[in-house]
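Biologist: Can you take me through this one? I have the sequence and the picture open, and I would like to ask some short questions.

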Amino acid sequence: MTAIVRADGLVKRYDRTLAVAGVDLDVAEGEIFGLVGPNGAGKTTTLRILATLLEPTAGDAEVAGFSVRRNPNEVRRVLGFMPDVFGVYDDMRVWEYLDFFGRCYGLTAASRKRIIGDLLELVDLGDKRTAYVQGLSRGMQQRLCLAHALVHDPAVLLLDEPASGLDPRARVELRELLRELRVLGKTIVISSHILPELEELCTSVAIVDRGRVLASGRIADIEQRLRVGAVLRVRVLAEGEALEAARDWFAGQPDVAAAVILPDGTVELGFRGDEAGAAALLRAAVAADIPIATFSRAASDLEELFLQVTGQDDPVPGEEAAA
Amino acid sequence: MTGATLLRRVPRIAMPGITAIGVKELRGRMRGKRAFVSVTVYVVLVAGFAWMVGQILESNARNQFGFNPVFNPSVQSASIGRGIFTALMFLQTLMILVLAPASTAGTISSEREKQTLDLLAVTPISSVAIVVGKLLSALTWVFVLILASIPVTALVFVYGGVAPDDVVRGYAMLFVTAIAFGALGTFFSSLVRRSGAATGLTFVAVLIATVGLSFIWVFMYQTSTSVFARRPPEALFYLNPFVAQADVACGVEGTSGAWCGVIDTVTGTFVDFGVPVTEPVFRDGFGEKGLIDVPETGVVVAPDGGAVIGGVVVEDVVVGDIFAPDAVSGARDRYWPRSALTLMLLAVGFTAAAVQLVTPTRRWRPRLPGIPRRRRPGRSAE
């Protein structure tokens with residue numbers, strides 16, 4: 001597979017802040033590539049450089065072989081971009097919105113008509129065709145914005161925090177939609193500060209912090225490489241001493257770094273093992289007659305993950321300066 | 001790329017984008033009753049004003065001369081017609097000075113405020129298309145208003161005194177005013193992030209261009225004590241469309257009247273100017289118009305080739321009124337074409353600057369003191 005999105009030592013400097021400090025990326029065709037990092041890590045800046053909205057201070061990036069510096073117009077034709085924060089026009093109907101962007105890409109009237117129908121079907125807004133854009137729910141606007149980024153059938157999609165502000169159901173729908181797009185052969189670069197959100201979706205990720213790529217590759221590999229344990233939540237059907245006994249049992253198991261009882265009665269485990277290890281732990285717990293109601297991996301927030309890795313408790317200095 | 005190929009290529013690249021922006025903008029602006037109501041209100045205001053001016057002029061005519069049909073009523077009627085026409089042009093100039101900047105001052109900044117500009121900027125649509133498309137569609141609305149007023153203005157033909165080409169001149173100047181001050185609004189709209197601030201700055205600029213510069217001229221004129229001092233440059237008035245309309249009104253007057261007097265003063269057609277001569281020519285009175293026939297020797301010639309018509313000899317110096325050969329008091333189009341050209345050049349300049357400001361990856365960025373550049377709370381470096 002060839003790289004369809006490449007970044008080569010991208011640097012973006014604002015007045016005093018180094019927002020992106022030499023980012024290299026290599027995204028193969030057909031991938032869903034996640035860009036993960038805490039707020040202020042340089043994800044948005046990187047995506048905006050790829051989308052030709054910002055000029056890099058140094059370095060270059062290529063989308064489908066076109067340089068964002070030298071051929072921004074060709075780049076714009078092959079990519080669709082959905083910013084993290086976007087607005088909608090007042091006084092515009094859903095089909096007019098898509099029609100407008102179709103015109104911007106120079107599509108003919110006939111092809112616009114066909115594409116608008118197809119896209120509204122794809123993002124499940126077929127019945128909202130003549131509704132006003134500002135009257136749509138946040139999730140619908142998000143899907144419409146995604147549809148607008150697809151009017152010209154781009155090979156590459158750049159999505160900046162597409163799931164932010166969506167309720168769980170809309171998130172699931174968005175995820176399904178992105179999977180569908182991947183089947184259609186699109187390469188998708190997506191940014192998020194929540195690792196689990198990408199875990200289920202992405203084929204590979206790059207973890208960025210303070211403008212640098214700390215690691216990139218498949219998620220499982222990265223987690224392994226960073227040696228970061230997962231947090232397991234175990235709901236034990238017991239109270240008082242029985243619960244404490246269960247906790248002590250867990251604490252005694254290999255790969256369990258710590259076990260605490262949360263106020264709601266859940267036992268939380270710091271777990272160093274992989275998924276097979278978790279399965280083994282569950283088997284052992286059942287064998288030990290511990291009444292387990294639920295056993296799940298807690299969502300591990302990336303910022304927490306970074307603090308663990310870097311051992312810093314104070315906020316990331318770059319973040320404040322960048323904000 | 002040479003200038004010629006640039007001229008050929010830019011429209012071809014920009015046109016589809018201009019159409020796209022135009023269709024989108026006009027759909028929003030012309031939807032529902034808004035456009036219909038605004039045109040109606042505008043025409044009613046203009047017509048009501050014209051009617052009132054007509055009433056005032058008619059009653060003045062009666063009071064001054066008595067309503068006596070024998071006293072050449074056609075002359076009086078023509079003078080009423082001219083008065084209404086001039087009043088309409090001034091009123092519309094005033095309204096356009098407000099409406100054109102107001103309708104463009106929010107175009108770009110509202111895209112920034114609503115965070116929709118990025119969505120546009122990642123399409124292949126050029127910044128030229130964004131700015132020109134938005135400017136044209138905003139101006140379309142003003143143009144519709146101006147055109148809708150033509151039937152009202154045409155009513156002055158009932159009174160007479162105004163020729164169709166006078167109306168063409170007046171309306172040409174109105175369109176130029178709309179374009180120039182619309183472009184000014186677009187410029188500030190792309191310079192400043194907030195629509196409110198853009199509107200405020202635009203109107204400050206409108207005030208400076210019209211009242212401010214003109215007052216500087218008046219100040220320079222009034223404080224120059226010597227008749228030998230240079231006249232303040234008429235260019236100070238070029239951005240003031242009222243003065244251009246005064247020239248149009250002067251053309252309607254035909255012979256020297258009050259508005260021609262204004263233009264004479266502005267252009268220096270009457271120059272209080274001393275010219276040393278060896279054999280002074282003396283002509284009395286101001287009755288004669290046009291170039292006078294003067295002998296080859298001893299001609300009182302102004303530096304720009306004008307000749308003295310009337311004046312008094314003060315020793316070796318004639319203090320009189322000097323007419324440039326092509327600018328005789330009461331002559332047509334002495335002044336407003338220059339003003340119109342300046343305003344159009346300004347419109348092109350402001351539009352080009354707005355294009356530059358909209359381009360996301362421009363290298364050149366103006367830095368206003370105290371305003372950090374491209375900073376938005378919490379997301380600039382994310």
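Modeller: What follows is a chat about the chains, a few helices and one residue. Keep in mind that this is a predicted model.

Biologist: How many helices and strands does chain A have?

Modeller: Chain A has 12 helices and 14 strands. Of its 323 residues, 42% count as buried.

Biologist: And in chain A, what share of the contacts between residues at least 6 apart in sequence join residues at least 24 apart?

Modeller: For chain A that share is 67%.

Biologist: Now the two chains. How many residues does each give to the contact?

Modeller: Chain A puts in 38 residues and chain B puts in 28 residues.

Biologist: Which helix gives the most on the side of chain A?

Modeller: H3(A) does, with 5 residues. Helix H1 (43-50), helix H2 (72-78) and helix H3 (94-104) of chain A each supply at least two residues to that side.

Biologist: What kinds of residues are on that side of chain A?

Modeller: They divide into 18 nonpolar, 11 polar and 9 charged.

Biologist: Switching to chain B. How do H11(B) and H12(B) pack?

Modeller: Helix H11 (residues 241-253) and helix H12 (residues 258-267) of chain B pack at an angle of about 125°, and their axes are 7 Å apart. Because of that angle, H11(B) counts as oblique to H12(B). Their crossing is left-handed.

Biologist: Which residues meet there?

Modeller: From H11(B) there are Val243(B), Ala246(B), Asp247(B), Ala249(B), Cys250(B) and Glu253(B). They meet Trp259(B), Cys260(B), Val262(B), Ile263(B) and Val266(B) of H12(B). The residues of this contact split into 9 nonpolar, no polar and 2 charged.

Biologist: Back to chain A. What is the reach of helix H6, first C-alpha to last?

Modeller: Helix H6 (residues 168-183) of chain A has 16 residues and reaches 23 Å, close to the 22 Å expected at 1.5 Å a residue. Just after H6(A), Gly185(A) takes a positive phi of about 95°.

Biologist: One more residue. Where is Leu214(A)?

Modeller: Leu214(A) is in strand S10 (residues 212-217) of chain A.

Biologist: Why does Leu214(A) count as partly exposed?

Modeller: Because Leu214(A) has 18 C-beta neighbours inside 10 Å, while a buried residue needs 20 or more and an exposed one has 12 or fewer.

Biologist: What does Leu214(A) touch, leaving out residues up to four places away in sequence?

Modeller: Leu214(A) touches Ile207(A), Val208(A) and Asp209(A).

Biologist: And how far apart in space are Leu214(A) and Val267(A)?

Modeller: They are 32 Å apart, C-alpha to C-alpha, and 53 residues apart in sequence.

Key
Residues numbered from 1 in each chain as written. Chains lettered and ligands numbered in written order. Predicted model: local features only at pLDDT ≥ 70, side-chain atom pairs only at ≥ 80, totals over all residues. Helix = DSSP H or I, 4+ residues; strand = E, 2+ residues; numbered from the N terminus. Expected span 1.5 Å × (residues − 1). Contact = placed C-beta atoms within 7 Å. Axes fitted to C-alpha atoms, helices over the stretch in contact; angles between N-to-C directions. Parallel < 35°, antiparallel > 145°, perpendicular 65-115°, else oblique. Left-handed = near helix turned anticlockwise from the far one by under 90°. Nonpolar A, V, L, I, M, F, W, Y, C, P; charged D, E, K, R; others polar.
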